[in-house]
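These are my notebook entries on a structure that I examined piece by piece. I began with the packing of helices and then turned to the DNA and a sheet.

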There are 2 protein chains.
Amino acid sequence: MTDARRPSASLTIYDVARRAGVSIASVSRVLNQQGSPRPETRARVLRAVRELGFVPDGAARALSNRLKEVVSVVFRRGGEAVFEGEGQSLLFTDVINRGIEPAAQHRGYDVLMSSVELHAQHAAERLSALAAKSDGLILHDRILPAAGVAKLAKRIPIVTLAGTPAPPAVNVRSDNEAGMRAIVRHLLLDHGYRSIAYLSGHADSPDNLARVRGFEIEADAAGAEIFAGPAWEGNYSAAGGAKVVTSLLAAGGKLPRAIACANDQAALGVIYALAERGFEVPRDVAVTGFDDIPVARHLQPPLTTGRQPIWELGTTAFDVLYSMISGEPQTEPEVVLPVELVVRGSCGCVPEPVSPPVLARADGEAR
Amino acid sequence: MTDARRPSASLTIYDVARRAGVSIASVSRVLNQQGSPRPETRARVLRAVRELGFVPDGAARALSNRLKEVVSVVFRRGGEAVFEGEGQSLLFTDVINRGIEPAAQHRGYDVLMSSVELHAQHAAERLSALAAKSDGLILHDRILPAAGVAKLAKRIPIVTLAGTPAPPAVNVRSDNEAGMRAIVRHLLLDHGYRSIAYLSGHADSPDNLARVRGFEIEADAAGAEIFAGPAWEGNYSAAGGAKVVTSLLAAGGKLPRAIACANDQAALGVIYALAERGFEVPRDVAVTGFDDIPVARHLQPPLTTGRQPIWELGTTAFDVLYSMISGEPQTEPEVVLPVELVVRGSCGCVPEPVSPPVLARADGEAR
DNA sequence: CTGAAAGCGCTTACAG
DNA sequence: CTGAAAGCGCTTACAG
C-alpha cells in the first residue's frame, strides 16, 4: 500500500532568510520574539514573512522544541445510534470538550479529539498513537482502568475526568458526594419526606459510587426509609430510569415519597414513566436529578438537581494538564469542583417563573 | 514568558536499536513494515519495542515523512450561551464532526478540532496555526470567505463544508435545492396547498440560497401564491422562527396555507408560536423543516422535512481531503450528497405510528 | 537483508 | 545584535 506523498515544495525558513537577507537564526528569533533583534532586521524579516506567506512547520518546531503544543482528548463513542438519543446523552462529554478547547487555545495549544469505540478493547493502541502526537492526554471516564492510567502517566502527562486518582495522573471531578448530600438533605430535612430511593447510574462509575455514598450518609442520618436493591439500578439513561419505575410498578412494588436519581437523564425517564402511570410529580413522588443539563429547567415540573460545573471541568482539566506539561510538580492527585444544589419544582418547592416558553419536545430514548 | 520545558529523557529509536542489537534503520523498517527484514531481526526489534514501551515520536516522523497524519476541522463557536439552546443548534456541526473522526482514524489520521469565536476577525491566524500542524483543513460554513479559501488552498489542501466552490478547495454539501424542491412539490402538488411561504435561514448562507432557489422554482411552477419579503427572514434558530410568526400575527398579517422552513430549528419555533396563537399544525397551517435533526420525528406532529446525510457529510469531507493530501488530482470542485424527503405528519399526511413516546421537553431558545 | 549517513525544518547555545 | 553549526528523532536512498 503505497500512498502517494505530497510533493509541494513548501517554503521554509531558508526562503525567508534569503529574501530578508539575514540568517535563519535571525528569522527564527523575530518569529519567536527571542533576544532583541535590531528594528531594521525585525522589519525585513517580518516583511519577507508577509510577502511569502510563510508559516513555520509545526513538526519541525515540535522536534526542535520538544514541545508539540498539542493535547489529546479521548472519549468513548457509540452505543447509541447517531440520531437516536444522542442529542442529550452526548451533551455532557461535548460540553466538557468545548471547555477544554478555548483553554488550550489560550495557551497556544491545539486539541486532538479522538473517540474510542464503546466496546473496543484496543484503546491502548489509540492512546499510543495519540501520545506520539501530543504533549499530554485528557481521558474521559471509562477509557482505561486506573492501573493502565498510572502506567501510561509515567510516559506522558495525563489528566482523567470523573475518574479515579491514579498518580502521577491527576483526576478532575466534581464533588458528587457533597452534591448528592445537599439534594438528599433538601428532600428529607427541608421537605420532611420519610422514604426515599436512589436510582443508580452505572454501578461501577466513580461518579455513581460517590453519589450513592452521599445518598446513604444523609438518608441514614435522617433515619429515612431507604428503597434500594437491584430493582433500583439504572444506567444514566432516560430509558433506564423509566424502566426501573415501570418494572417496579408492574411487579406491584411500592414507591418511595422521593426518588433521587443518579443524573438528569434518568430523572427524565422516571418522571415520564410516573406520569404514564398516573403519578404526579412532585405531588405523589418528588424526583431529583444530577448534572443540570440544559433541558432540566424546561421540564414540567422544572427539575431540582445538582449543578455540575461541566464547562469548568473542561477548562480545569486543560489547565491542570498544562501545568503538568510545564513541569510544575503536582501536589494533589485530584482537583474537585463544587456541585451546586439547584432547587426548582420537581422536589416539591414552588418553582420560580420560567422565562422562555418551551419550544419543542426532546427526543425520547428508544427502549 | 518563559514556560518550563519538559525534561523527560524520553526514549528514542536509538535505545531500541541498542537493545535489539541492530541499526536504527532496521528498527524503523520493522516498525513501518518496509522491506523484508529477517524474521530473527524482526523478532528482536519487536521484543525491544515491547520491553521498552517505545512509541516513535510523531513530530520526528512528520518531519522526515513530510506527512503529519493530522487534519484540522474548524468551526464557529459561541453566540449562544453554553447551556441555553446549545443542545440542538450545535448538533449539526457536532454530528458532522463525529463523522469526520472515524473516517480519519480509518486512515491513521487524527483530527484537530478547533473553534473560532463567532465574531472573531482573526480566523486567519487560527488557520495559519492549524495549517502548521496539519496536512489539510476542513472548514465549516462561515469560517472564511471564498476568496480567502481559494488563496489558502494553494498552500494546503482544503475541503469546505456547505460552502461555495473555491478551487483548488473542494466543497462538500448536500443537494439543498433538490431537497427543497421535493418538499415544495409535496406541499403544493400532493397536498394541493395554494399559498406558501419560505422562512429563510441566514440570508448569505449558501445552503439557504440554494433552498430559496428550490423553493421559488417549484412554487412558481405550481403557480402558488408566495408569501415572501423581509417579514419572512429567519436565522436558522427556533427563536428566529417563532419571532417571524409572532411579529406577523401581531402586525395583523395573513398566514399562508403552508410554511417551508429553512431548517428544522426554525420549524420548531414556528410550530410553537403557531400553537401559542391557537393555530393547529397541520390543520390550519402545514409546516416543514430541513435537516431531519433527531428531535424532528418526536415533535407533535412529527416533522416533515428533508433529510440531510449529516454524518456522511463528515465522512465524505475527510475522504475527499485524504485524496487531496495523497496527491490525487481533483476533477470536481464540489461533491453533492442527496437529500431525502421524509414525509411525516406536519405537512398534513397521516403520520405513521411513532415508536417511543416523548420523554421530555427540549430547551427553548432564549429570545 | 542491513548499516552508515544524509536530510526533513526548525531552535538555540556558542562565538564573534 | 547576528551568524555558523549542532541537534531534535525519525525515514530512506545508497552501498555493501
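**Entry 1: Two helices across the chains**

I looked up helix H4 (residues 58–65) of chain A and found that it packs against helix H4 (residues 58–65) of chain B at an angle of about 135°, with the axes 8 Å apart. Axes are lines fitted to C-alpha atoms, for helices over the stretch in contact, and angles run from 0 to 180 degrees between N-to-C directions. H4(A) is therefore oblique to H4(B); angles under 35 degrees count as roughly parallel, over 145 as roughly antiparallel, 65 to 115 as roughly perpendicular and the rest as oblique. Helices (H or I, at least four residues) and strands (E, at least two) are DSSP runs, numbered from the N terminus.

I noted that Ala59(A), Ala60(A), Ala62(A) and Leu63(A) meet Ala59(B), Ala60(B), Ala62(B) and Leu63(B) in this contact, where contact requires C-beta atoms, placed from the backbone, within 7 Å. The residues of this contact comprise 8 nonpolar, no polar and no charged. Ala, Val, Leu, Ile, Met, Phe, Trp, Tyr, Cys and Pro count as nonpolar, Asp, Glu, Lys and Arg as charged, and the others, Gly among them, as polar.

**Entry 2: Basis of the model**

I recorded that the model is predicted: local features need pLDDT of at least 70, side-chain atom pairs count only at pLDDT 80 or more, and totals for chains, interfaces and linings use all residues. Residues are numbered from 1 along each chain as its sequence is written, while chains are lettered from A and ligands numbered from 1 in the order in which they are written.

**Entry 3: Around the DNA**

Which residues are closest to DNA strand D? I found Ala25(A), Ile13(B), Ser28(B), Ala60(B) and Ser64(B), out of 29 residues that surround the strand; a residue is near if its C-beta atom, placed from the backbone, lies within 6 Å. The surface near DNA strand D divides into 12 nonpolar, 13 polar and 4 charged residues. H2(B) gives the largest share, 6 residues.

I then followed H2(B) to helix H3 (residues 39–52) of chain B: the two pack at an angle of about 90°, with axes 10 Å apart. H2(B) is therefore roughly perpendicular to H3(B).

**Entry 4: A sheet in chain A**

I traced an open sheet of 4 strands in chain A, ordered S7-S6-S8-S9, with parallel pairing. Two strands pair if DSSP finds at least two bridges between them. Strands S7 (225–227) and S9 (286–288) of chain A are the edges, each pairing on one side only. Strand S6 (residues 195–199) of chain A is joined to S7(A) by 3 bridges, and Ser195(A) has Glu225(A) as its bridge partner in S7(A).

Definitions and conventions: Two residues are in contact if their C-beta atoms, placed from the backbone, lie within 7 Å.
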